[in-house]
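Me: I am new to this entry and should like to understand the terms applied to it. Please show the structure first.

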Amino acid sequence: MRAMSMKCKIRCRLCCSLLCLALPLSSSCALATQSNEFARGREAGIIQSDLIREASGIVASRQSPGVLWVHNDSGDEPRVFAINDKGEFLGTCHIKDATARDWEDIAVGPGPDPDQQCLYIGEIGDNNATYPHVTVYRVPEPKIDPASPFKPMQICPADAIRLTYPGGPRDAETLLVDPLTRDIYIVSKRDLFSKVYRAVYPQSTTKTTRMERVASLPWGFAVAGDVSPDGSRVIIRSVFGASMWNRPVGKPLWRAFSGKQIRLATISERQGESICFDAQGTGYFTIGEKAHPPLHYFGPAERNASRP
């Protein structure tokens, strides 16, 4: 009998991994409810800019309603792009004193000054789990007019928050910032049950901080996430779908994951790996990674009204 080719072995391993992942996913779905809070998803617009070639993260501005921040995956410059909620390109912001090895997700939240909103950019991708630490860059968020394109600008200074995992390096694509406590969370990707790690505020910008593992998801392969502007909810997207959890009143954000998950609808996208709440927390956006991707919006159900 001829030896199995390397390509066949890889396919076999991938199929086995997906089968193993589907077992906990199907059982967890039995314990979840389907959300009826959001309307059916619609195409809000198409990203026409050639600069956004592999959108790996998305987040809605809190201080400039109608503005969304996106960034490319690995191989790009250290920069973020502003678009509006119709998918129209507004401009580019270059991040001074940052590198872009493998940016995977972006979040918004208060920084050292609780009245100053910041962008948090996660250089957290590590496909082979080899890097000794990951970095979250924190920069002041500029105010942007969602109706006015702008020339390239530089934003700084970039605080580099270096983090390590207990138990060694991991691959991750999900970054969360708790707007109530300013804690940073990273959710692992390549696990049967994705693991949730926390770096408590204040995080050092001069020394490496060891995160603590605080929770696990009921499934694996988490690829994106976001926290609602009021800190009461968290959404996580996987390669198979998306879910939302409610935060228990007065409890740490990670306690939400011990509650019931609420399944959210998604629309098929070409390598769809991004999700975020809108600025009000009443709807959510998704986007894929390929060139000229559609921006999808799931607004509040009719009884709740309005567009973001």
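Reply: The following exchange sets values against their definitions. This is a predicted model, in which local features need pLDDT of at least 70, side-chain atom pairs count only at pLDDT 80 or more, and totals for chains, interfaces and linings use all residues. Residues are numbered from 1 along each chain as its sequence is written, and side-chain values use heavy atoms, with hydrogens and water left out.

Me: Why is Cys-276 called buried?

Reply: Buried means under 20% relative accessible area, exposed over 50%, and partly exposed in between, with a 1.4 Å probe and protein chains only. Cys-276 has 0% relative accessibility, so Cys-276 counts as buried.

Me: What makes Cys-156 partly exposed?

Reply: The relative accessible area of Cys-156 is 38%, which lies between the two limits, and therefore Cys-156 is partly exposed. Across the protein, 55% of the 308 residues count as buried.

Me: How many disulfides does the structure hold?

Reply: A disulfide is a pair of cysteine sulfur atoms within 2.5 Å. The structure holds 0 disulfides.

Me: Why are strands S5 and S6 said to pair?

Reply: Two strands pair if DSSP finds at least two bridges between them; strands are DSSP runs of E with at least two residues, numbered from the N terminus. Strand S5 (residues 79–84) and strand S6 (residues 89–95) share 5 bridges in the antiparallel sense, so they pair. Arg-79 stands opposite His-94 in S6.

Me: In what order do the strands of the open sheet lie?

Reply: The order of its 5 strands is S3-S4-S5-S6-S10, with mixed pairing. Strand S3 (55–60) and strand S10 (153–155) are the edge strands, each pairing on one side only.

Technical notes
Helix = DSSP H or I, 4+ residues; strand = E, 2+ residues; numbered from the N terminus.
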